[in-house]
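Biologist: Before I rely on the terms used for this protein, I should like each of them justified. Please set every value against its definition.

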Amino acid sequence: MDYQADRNSQHLQVKTGLLLTKYENGGVRQEKAYLNLGLVKSIRALTQSINDVNVYRCDSCGASLTLLNGGKCEYCGHGLDLKEYDWVIEVYSP
């Protein structure tokens, strides 16, 4: 829907459609839903292939980090700024 960049960040506005499957009252039904997403990514972030394997290290203690828990170190609690690596949802609305 919209793309803008400034000195530090790239900003992207997208509209996405979802097909939700719900289990209610003993039955399954599907419904469509739409979300407007505001995404942000550092201007310094490099585009990466989906097949790349990256090992992230905690800047504080050096432990390996996983993005599955939001990039937060399980040992010292320090976190990555995920915008430096890829798109991050900044805002969303139905």
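Biologist: How many helices and how many strands does the protein have?

Modeller: The protein has zero helices and six strands, where helices (H or I, at least four residues) and strands (E, at least two) are DSSP runs, numbered from the N terminus. Along the sequence the pattern therefore reads β-β-β-β-β-β. This is a predicted model, in which local features need pLDDT of at least 70 and side-chain atom pairs count only at pLDDT 80 or more, while totals for chains, interfaces and linings use all residues. Residues are numbered from 1 along each chain as its sequence is written, and side-chain values use heavy atoms, with hydrogens and water left out.

Biologist: What makes the protein more spread out than a compact globule?

Modeller: Its radius of gyration is 17 Å, whereas the globule rule gives 12 Å for 94 residues; the value is well over the rule, so the protein is more spread out than a compact globule. The radius is taken over C-alpha atoms, and the rule is 2.2 Å times the number of residues to the power 0.38. The C-alpha atoms fill a box of roughly 50 × 35 × 25 Å along the principal axes.

Biologist: Why is S9 called buried?

Modeller: Buried means under 20% relative accessible area, exposed over 50%, and partly exposed in between (1.4 Å probe, protein chains only). S9 has a relative accessible area of 16%, so S9 is buried. Of the 94 residues of the protein, 17% count as buried.

Biologist: Which residues does S9 touch, leaving aside those up to four places away in sequence?

Modeller: S9, which lies in strand β2 (residues 9–24), touches Q4, V40, K41, S42 and I43. Contact means heavy atoms within 4.5 Å.

Biologist: How do you know that β1 pairs with β2?

Modeller: Two strands pair if DSSP finds at least two bridges between them. Four bridges join β1 (residues 2–5) to β2, so the two strands pair, and they run antiparallel. One of the bridge partners is L12 in β2, which is matched with Y3. A hairpin joins β1 to β2 through three residues.

Biologist: What makes Y56 buried as well?

Modeller: Y56 has a relative accessible area of 12%, so Y56 also meets the definition of buried. Y56 is in strand β4 (residues 56–57). The C-alpha atoms of Y56 and G71 are separated by 8.4 Å, with the two residues 15 residues apart along the chain.
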